[in-house]
Amino acid sequence: QVQLVESGGGLVQPGGSLRLSCAASGSAFSIYAMGWYRQAPGKQRELVAAITSGGSTNYADSVKGRFTISRDNARNTVYLQMNSLKPEDTAVYYCNGKGSTRRIDFDSWGQGTQVTVSS
């Protein structure tokens, strides 16, 4: 089974920056897309940013221009650089990976990392 582990969350003041990382591990797998989702209390989980193995990216309108997603395909690691953070960015951020093993396609999620933007 493919496992995803996030890191880099924390408490930051408005206008500050954080960099999230997510590493995928397992055996005999390939990932064709990775992304970051977030979920605030009482809200639905939403896509923040995604990137394909070819480098195509997509961002939520609310973060476009402030956040940057990138990945290292060789290491199956995805990053989310978050700048100019706002209180409304406060949420649990989840890493997602879509890919395949020898026998099946998969859609895996990390455990989540808390991002809190507050003064």
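The dialogue below walks through a predicted model of one protein chain.

Q: Which secondary-structure elements does the chain have, and what pattern do they follow along the sequence?
A: One begins by counting elements and then reads their order. Here the chain has 11 strands and 0 helices, and the pattern along the sequence is accordingly written β-β-β-β-β-β-β-β-β-β-β.

Q: What does the radius of gyration say about the chain?
A: The general idea is to set the value beside the one for a compact globule. For 119 residues such a globule would have a radius of gyration near 14 Å, and the chain, at 14 Å, agrees with that. Along the principal axes, its C-alpha atoms fill a box of roughly 50 × 25 × 20 Å.

Q: How many of the residues count as buried, and which touch the most other members of the largest nonpolar core?
A: Buried here means under 20% relative accessible area, and 42% of the 119 residues meet this. The largest nonpolar core has 29 residues, of which W36, L80, M82 and Y93 touch the most other members. Among the elements that give two or more residues to this core are strand 4 (29-39), strand 8 (77-82) and strand 9 (91-101).

Q: Which residues does Y93 touch, leaving aside those up to four places away in sequence?
A: Y93 touches E6, L20, W36, Y37, R38, V48, F67, L80, M82, G112, T113 and V115.

Q: How many positive and negative side chains are there, and how far apart are the centres of the two sets?
A: One compares the counts and then the centres: the chain has 12 positive and 8 negative side chains, with the two centres 4 Å apart.

Key: Residues are numbered from 1 along each chain as its sequence is written. This is a predicted model: local features need pLDDT of at least 70, side-chain atom pairs count only at pLDDT 80 or more; totals for chains, interfaces and linings use all residues. Side-chain values use heavy atoms; hydrogens and water are left out. A nonpolar core is a set of buried Ala, Val, Leu, Ile, Met, Phe, Trp, Tyr and Cys residues joined through side-chain atoms within 4.5 Å. Buried means under 20% relative accessible area, exposed over 50%, partly exposed in between (1.4 Å probe, protein chains only). Helices (H or I, at least four residues) and strands (E, at least two) are DSSP runs, numbered from the N terminus. Contact means heavy atoms within 4.5 Å. The radius of gyration is taken over C-alpha atoms; the globule rule is 2.2 Å times the number of residues to the power 0.38. Lys and Arg count as positive and Asp and Glu as negative; His and the chain ends are not counted. The place of a charge is taken as NZ of Lys, CZ of Arg, CG of Asp or CD of Glu.
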